[in-house]
Amino acid sequence: MRIDLHTHSSMSDGTDDPAEVLAAARGAGLDVVALTDHDTTAGWAAAEAARPPGLTVIPGMELSCRWFPDDEPPVSVHLLGYLFDPLHPAFAAERARLRDERLSRAERIVTALAADGYPVRWEEIVAHAGGGVVGRPHVARALVRGGVVATVEQAFAGLLHHHGGYYVAKDDTDVRQGIALVRAAGGVPVFAHGLATARGRVVGDEAIAAMAAAGLLGLEVDHPDHTEEQRGHLRSLAADLDLLTTGSSDYHGTNKRTPIGACTTDPEQFERLLAAGTGTAPLRG
């Protein structure tokens with residue numbers, strides 16, 4: 001059984017619509033795929049309608065969070081939530097707040113770029129998003145269309161880098177609050193790509209232990225941005241903390257080069273995840 005528990009569609013920062021994500025999953029020989037768009041469940045209904053026979057779809061989401069160290073600036077962290085009730089009032093309200101935060105942030109970035117003469121227009125970027133949650137990848141694609149950069153990766157390495165002059169921070173959820181919300185909605189919270197140092201600052205083992213004490217249930221171990229050494233460390237830490245482990249591609253369509261199914265989840269760990277999720281059911285049959 002081949003299981004990929006982290007993919008993105010055009011409902012957030014992927015380039016494939018939900019039906020295309022599922023078609024790619026089936027084409028890659030996957031048996032199970034999770035749709036985990038940023039801060040939204042907007043793709044769930046489309047995924048249910050488009051699910052190919054024989055493919056199990058796990059409803060999920062990637063929540064934008066922060067870890068707040070005592071004596072340092074906050075660290076951006078991402079929390080994967082699976083099988084939660086999308087109608088849980090407090091969790092639905094926090095997702096709506098995060099989507100508004102993303103939209104405001106992206107508009108401020110575009111306004112600053114346009115003021116400096118870059119060929120980007122907010123209305124055009126929103127239109128190209130096709131109803132998805134607008135974020136920096138949409139701005140990056142606009143810069144590619146305008147001939148400013150050759151690739152999305154180049155945009156993120158330069159103009160949109162978090163140390164660049166056009167970066168705008170957003171007010172993300174405290175990760176312990178995010179864990180509590182996922183659990184309250186009957187979901188399974190898993191810490192995403194926790195040691196991916198190529199993405200920026202990462203938290204230490206003490207922070208992950210504190211997340212586990214707050215109700216975290218798993219660690220994403222096998223991820224394209226983790227080295228073998230990092231994977232081994234996370235696997236050992238998960239065993240020490242009695243956390244389940246997952247593997248995934250973090251697929252974004254053409255926004256990233258990693259193919260769907262590049263990393264996968266062990267079936268026994270997947271069964272642990274299924275047993276812990278009570279908020280909604282997998283899409284199967």
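**Strands and helices around β3 and β6**

Strand β4 (residues 75-82) is joined to β6 by five bridges, and the two run antiparallel. This is a predicted model, and one pair in that arrangement is L79 with its bridge partner F191 in β6. On to β7, the link from β6 takes two bridges, this time with the strands running parallel. Here V190 sits opposite G218 of β7.

How many residues of β6 are buried? Five of the five are, so β6 is largely enclosed by the rest of the structure. Cover comes on both faces: V188, V190 and A192 are buried on one side, and P189 and F191 on the other. F191, the bridge partner of L79, is thus listed with P189, while V190, the residue opposite G218, is listed with V188 and A192.

Back at β4, there is also a pairing with β3, antiparallel and spread over eight bridges. G60 faces Y82 of β4 in this pairing. β3 has other partners too. Four bridges tie it to β2, with the two strands parallel, and in that pairing L35 has P59 of β3 as its bridge partner. Strand β5 (residues 173-174) also pairs with β3 in the parallel sense, over two bridges; the bridge partner of C65 in β5 is T173.

Like β6, β3 is mostly covered, with twelve of its twelve residues buried. One set of side chains, T56, I58, G60, E62, S64 and R66, points one way, and V57, P59, M61, L63, C65 and W67 point the other way, every one of them buried. Charged residues are no exception here, since E62 and R66 are on that buried list.

Now for the helices, starting with α1 (residues 18-27). Its buried residues are P18, V21, L22 and A25. They span an arc of only 95° around the axis, which puts them on the same side of α1. The spacing fits a general rule: an α-helix has 3.6 residues a turn, so residues three or four places apart point the same way. Cover for the buried residues of α1 includes β1 (3-7), β2 (32-35), α2 (44-50) and β3 (56-67). At the start of the helix, a side-chain oxygen of D17 comes to within 3.1 Å of the backbone nitrogen of A19. Just past the other end, G29 has a positive phi of about 80°.

Helix α8 (residues 205-213) can be read in a similar way. A207, I208 and M211 are buried, and looking down the axis these residues fall within an arc of 100°, so they line one face of the helix. E206 and A213, on the other side of α8, are exposed. What does the buried face of α8 pack against? The partners are β3, α7 (175-184), β6 (188-192), β7 (218-222) and α9 (228-241). Just after α8 comes G215, with a positive phi of about 120°.

Stepping back to the whole protein, the secondary structure amounts to ten helices and eight strands. A compact globule of 285 residues would have a radius of gyration near 19 Å, and the 18 Å found here agrees. The C-alpha trace spans about 55 × 50 × 40 Å along its principal axes. Of the 285 residues, 52% count as buried. Among contacts between residues at least 6 apart in sequence, 72% join residues at least 24 apart. The accessible surface comes to about 11,800 Å², and carbon and sulfur atoms account for 52% of that.

How values were computed
Residues numbered from 1 in each chain as written. Predicted model: local features only at pLDDT ≥ 70, side-chain atom pairs only at ≥ 80, totals over all residues. Heavy atoms only, no water. Buried < 20%, exposed > 50% of the residue type's maximum accessible area, 1.4 Å probe, protein only. Arc of directions from axis to C-beta. Contact = heavy atoms within 4.5 Å. Polar contact = N/O pair within 3.5 Å; in protein donor to acceptor, adjacent residues only side chain to side chain. Rg over C-alpha atoms; globule rule 2.2 N^0.38 Å. Areas by Shrake-Rupley, 256 points an atom, 1.4 Å probe, with all protein chains shown as cover. Pairing = 2+ DSSP bridges.
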